[in-house]
Amino acid sequence: MAKTVLVSGGAGYIGSHVTVELIAAGYDVVVADNMSNCDLTCFNGVKKITGRDDIPFYEIDCCDYASVTRLFDEQKIDAVIHFAAFKAVGESVAEPLMYYRNNLVSFLNILEAAKVHGGCNVLFSSSATVYGEAEQLPVTEQTPRLPATSPYGNTKTMCEDILRDTVRAVESIKGIALRYFNPIGAHPSALIGELPRGVPNNLVPFITQTAIGKRECLSIFGNDYPTEDGTCLRDYIDIVDLAKAHVAAVSRMVDGKMKENYEIFNVGTGRPVSVQELVDAFEKVNDLKLNYRIAPRRPGDVVAIWADTTLANEELGWKAERTVEETLASAWAWERHLAGK
Ligand code: UFG
């Protein structure tokens, strides 16, 4: 019988791509989302891509424990992938209580319900933000975590620790934390992708919105960093590749292949790309000119971070496959799909 995976935050950017890949791999998926940061665009896209109109959907807030336990009462859940969280770094600095309450309470509720219902495999969506400005690059999973520079980053570190401690104490719960680098791009069908609310904070949605004419000009934040072309270096991971890493991690858990009851994996490409290189690649692959200018550095940005992906490659049998050009073409196709062009 197919195993069932609960995807909290399953109507969002990463959650929708993960749902598609889980279904393609033969899993049953239950989606929970409070729709606080998305509409039904991606969930409808998921149904179209998978041809499945019957994906159970719970419009619930994971901060409400009664709703979470009701879901666990009604569904036999083999694994949970927890995405339901706020993710805007700047907003988290302005609204720390809102961030701590939402991101911590929702995860505590998931773990509590999993424990009460006899245990579960839990995959937590963490972030490379836990490494801060690392002294040695690329970062491995052993690279020390540094104090986060935002409440958002703190919630990632704290939830990793909550999962680690819970796994230690509760035998029936096993956990994996995936530390994502910079997820970008969209599904090749252009039916699902990133839907930022308001002005995008992240680079690629800002690029595509500038290219389509929604924004006037992209600001490149700083070209005087100690890198080859002076702009920051990141590890941009394709969203479909990222989604496949989740399938590999879930399979490892449900098939009983874990070596420890709590494991951590970096999910990136292992290749640093500068902001300028990314902008140039976007122009080239999509054959267009982007309006951009060099602007002052953005406070809080680290100069460079990229992943050592050896562990994920070897243990999960997973590796990033799409090229940055393919990914940037998919991001542009998605933006045009949204604009009806
Ligand atoms: N950038 C620009 N112009 C923009 C937006 C971004 O030049 O309009 C640059 C940034 O300065 C940075 C790079 O593009 O050098 C990537 O920026 P993003 O905002 O896309 O991504 P970050 O690396 O800042 O963000 C990532 C994750 C977050 C996480 C954060 C922690 O996406 O979830 O790292 O710092 F919280």
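A cavity here is a set of grid points, taken over the protein atoms alone, where a 1.4 Å probe fits but cannot get out, and its lining residues have an atom within 4 Å of such a point. With that in mind, here are some notes on this predicted model.

1. **The enclosed space.** The count comes to one cavity of 30 Å³ or more. The space inside the largest cavity is about 40 Å³. If you would like to find it on screen, look for His82, Ala85, Asn103, Phe124, Thr155, Lys156 and Cys159, which line it.

2. **What the cavity wall is made of.** Helix H6, spanning residues 151-169, gives the most to this lining, with three residues. By character, the lining of the largest cavity divides into three nonpolar residues, three polar ones and one charged.

3. **Who sits around the ligand?** The ligand is surrounded by 18 residues. Closest to the ligand are Tyr152, Leu203, Ser219, Arg234 and Asp301. Sorted by type, the residues of this shell are 10 nonpolar, five polar and three charged.

4. **Elements behind the shell.** Helix H7 (203-212) and strand E8 (218-221) each supply at least two residues of the shell around the ligand. Which of the elements gives the most to that shell? The answer is E8, with four residues.

5. **Polar contacts of the ligand.** Three of them deserve a look. A polar backbone atom of Ser219 lies 2.7 Å from a nitrogen atom of the ligand. On the side-chain part, an N or O atom of Asn182 is 3.0 Å from an oxygen atom of the ligand. For Tyr152, a side-chain N or O atom is 3.2 Å from a ligand oxygen atom. As for cover, the ligand on its own has 680 Å² of accessible area, and the protein covers 86% of that.

6. **Salt bridges.** A total of 18 salt bridges is counted. One of them is worth picking out: the side chains of Arg52 and Asp28 meet at 3.9 Å, N to O. The cut-off for a salt bridge is 4 Å between the side-chain nitrogen and the carboxyl oxygen, so please keep it in mind when you inspect this pair at 3.9 Å.

7. **What that pair joins.** Arg52 lies in the loop between helix H2 (41-50) and strand E3 (57-58), while Asp28 belongs to strand E2 (residues 28-32), so their salt bridge ties together parts that are 24 residues apart in sequence.

Note on methods:
Residues numbered from 1 in each chain as written. Predicted model: local features only at pLDDT ≥ 70, side-chain atom pairs only at ≥ 80, totals over all residues. Heavy atoms only, no water. 1 Å grid on protein atoms, 1.4 Å probe; cavity = no way out; pocket = protein on both sides within 12 Å on 5 of 7 lines; lining within 4 Å. Points joined across faces, edges and corners; volume = space filled by probe spheres on them. Nonpolar A, V, L, I, M, F, W, Y, C, P; charged D, E, K, R; others polar. Near = heavy atom within 4 Å. Polar contact = N/O pair within 3.5 Å; in protein donor to acceptor, adjacent residues only side chain to side chain. Areas by Shrake-Rupley, 256 points an atom, 1.4 Å probe, with all protein chains shown as cover.
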